[in-house]
Amino acid sequence: MLFNSFEFILLFLPITLIGFFVIGKSNKNVKQQLPILWLVFASLVFYGRWKPLNLPLILLSIAVNYYLGYLLSNIITKPTVKKIVFGLGIALNLGLISYFKYSNFLISNINQFVGTNFALPSVVIPLAISFFTFQQIAYLVDAYRGETKEYNLSKYILFVCFFPQLIAGPIVHHREVLPQFETASVYKFSQRTLSIGLTVFIVGLFKKVIFADRIAEYSNLAFAAASQGIDLTFSESWVGALGYTLQLYFDFSGYSDMAIGAAYMFNIRLPLNFNSPYKAISIVDFWRRWHITLSHFLRDYLYIPLGGSRKGEFRRYSNLFITMLLGGLWHGAGWTFIFWGGLHGFYLVINHLYRSIRQGLGHNLKNDNWLLRGTGWIVTFIAVVISWVFFKANNFETATSMLMSMFGFNGVELPDFLAPYLSFLRNFGVGFLGFTVNVGISQKYSTFGIMILLIVAWFTPNTQQWMGKYNPALTESIEYNQPQWQQKFWQSLSWRPNRIWTVIIAGLTSLSLLCFSRVSEFLYFQF
């Protein structure tokens, strides 16, 4: 069941909301389980609607992890036995995700390297296996460390399969969400809360169906042509790369907004997952803003256990590189994903070395002038765009072909509608045949579409900033990193529960619903 579908918006979500608050109102004792069980039932219906055969797997995973977590936090006291049970739990989770997500990739590479012909039965990756497995690994780790309290089974099931965040995150931590269900206010309907949650949901829906899905048409054409061996022009390759860069951001951040908005309608706050990542002035800053919950998971449950920065600079950079490699592998069973992770690991190592050198020279990095910050922003954005080419491409040949065109190895050809204004560039070997019939990209729509979306991503506040003081997500205060006059200008336009904003949100809703004839899945469903 897609968030961007009539089935979800007009049927599932209203019924689930009404049922939750009606049952919650009739059960004065918050400790009663009926509202929780209702949400558990609804969430399992939501998940099973995709493919009912996936339900036994997620329920088995939940049951095993809950029981092992209960043993670790409440029953087992001997350190040796505790370590064995903990190791068994981690092995079971990694074995599950390895079989369904990576077995075919592993076997195919063994066959290619050794020359064998092993084959496995067709393995279909269960929806959201990466997300619900990571959440439960974190739960087991905290249970082993003695950092969890006892939760009953129904609340634990809800923690794993709460439908707003089940399919593509944010990756929630048990201590962020589970305690919220123990407060009485969660079960009381609030018109104010509903309006805030609905606003965030609609903004996310608009980002998905108006921004992401429209620009996807051009990026898909470019990458499809490159995969077929067609040499793209300079303009076509940059449209493909920038188009995917924007599509991925508005698609995934749109989903995260919809998840945060849907959860907030139930008085539940999910963690922030995006904080204007394309405004980052360094790659370190980028990973503090992009897929924040995954970054936190990798930091807390992989980078720090590997030793973090506690064992010298070489180990620090090695741990960082390994963490990003595994982060790339988490996204998909393919060498391009692994290379993407390794590339970001390399970026981060270079960034940390650069910071260390400057700090050694006595520079205060927080006081960089506008030129240094602007240069950092441009370099970071270009580096991220290059990495997304590998993330999107089916193979290295496609990625290499795209990058060669992007950096002018096939010549520099700009859109022909720019010729009257930039004809002097012909003296420098620049042509104006930037778009070809072979690829089929509409030059004006794609060019202006990308320009508009870049302006939105670079210069406008993100959803949480638009919502201002209402702060529907679990997050620390968001810095604008803008001149004072810009901050005041955007703050004056932040959302308020009034008639003007009601009309604006109604308009966004209408435009979004009109585009439902071309419903598409969210990109992160495949991960």
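Which helix gives the most to the lining of the second largest pocket? The close-ups below come from a predicted model, and the first one takes up that question.

**View 1. The second largest pocket and the helices around it.** The answer is α4, which puts 8 residues into the lining. Helix α4 doesn't do the job alone: α5 (129-145), α12 (292-303) and α13 (313-331) are also on the list of helices that each supply at least two lining residues. The pocket comes out at a volume of about 580 Å³. Its lining counts 22 residues, and Leu94, Phe134, Ile137, Leu302 and Leu326 are the ones nearest the centre. As for chemistry, the lining splits into 19 nonpolar residues, 2 polar and 1 charged.

**View 2. A nonpolar patch on the surface, with Ile110 as one of its members.** Here we stay with α4, which runs over residues 79-114 and includes Ile110. Ile110 joins Leu106, Phe113, Val114 and Phe118 in the patch, and together they show about 570 Å² of accessible area. How exposed is Ile110 on its own? Its relative accessible area is 32%, so Ile110 counts as partly exposed.

**View 3. Ala128, a non-glycine residue with a positive phi.** Most residues other than glycine have a negative phi. Ala128 goes the other way, with a phi of about 70°. Look for Ala128 in the loop that links α4 to α5. Is this alanine, Ala128, buried or exposed? Ala128 is buried: its relative accessible area is 4%, and the cut-off for that label is under 20%.

**View 4. Asn471, also a non-glycine residue with a positive phi.** Phi at Asn471 is about 40°. The setting is a loop again, this time between α19 (463-467) and α20 (484-492). With 26% relative accessibility, Asn471 goes down as partly exposed.

**View 5. Leu418 and Phe432, a pair separated by 14 residues in sequence.** Leu418 sits in the loop between α16 (396-406) and α17 (419-422). How far apart in space are Leu418 and Phe432? The C-alpha to C-alpha distance is 7.5 Å. Leu418 itself is partly exposed, at 24% relative accessibility.

Methods. Residues numbered from 1 in each chain as written. Predicted model: local features only at pLDDT ≥ 70, side-chain atom pairs only at ≥ 80, totals over all residues. Heavy atoms only, no water. Patch = residues over 30% accessible without salt bridge, like charges linked within 9 Å, V, L, I, M, F, W, Y side chains within 5 Å. Areas by Shrake-Rupley, 256 points an atom, 1.4 Å probe, with all protein chains shown as cover. Salt bridge = Lys/Arg side-chain N within 4 Å of Asp/Glu carboxyl O. Helix = DSSP H or I, 4+ residues; strand = E, 2+ residues; numbered from the N terminus. Buried < 20%, exposed > 50% of the residue type's maximum accessible area, 1.4 Å probe, protein only. 1 Å grid on protein atoms, 1.4 Å probe; cavity = no way out; pocket = protein on both sides within 12 Å on 5 of 7 lines; lining within 4 Å. Points joined across faces, edges and corners; volume = space filled by probe spheres on them. Nonpolar A, V, L, I, M, F, W, Y, C, P; charged D, E, K, R; others polar.
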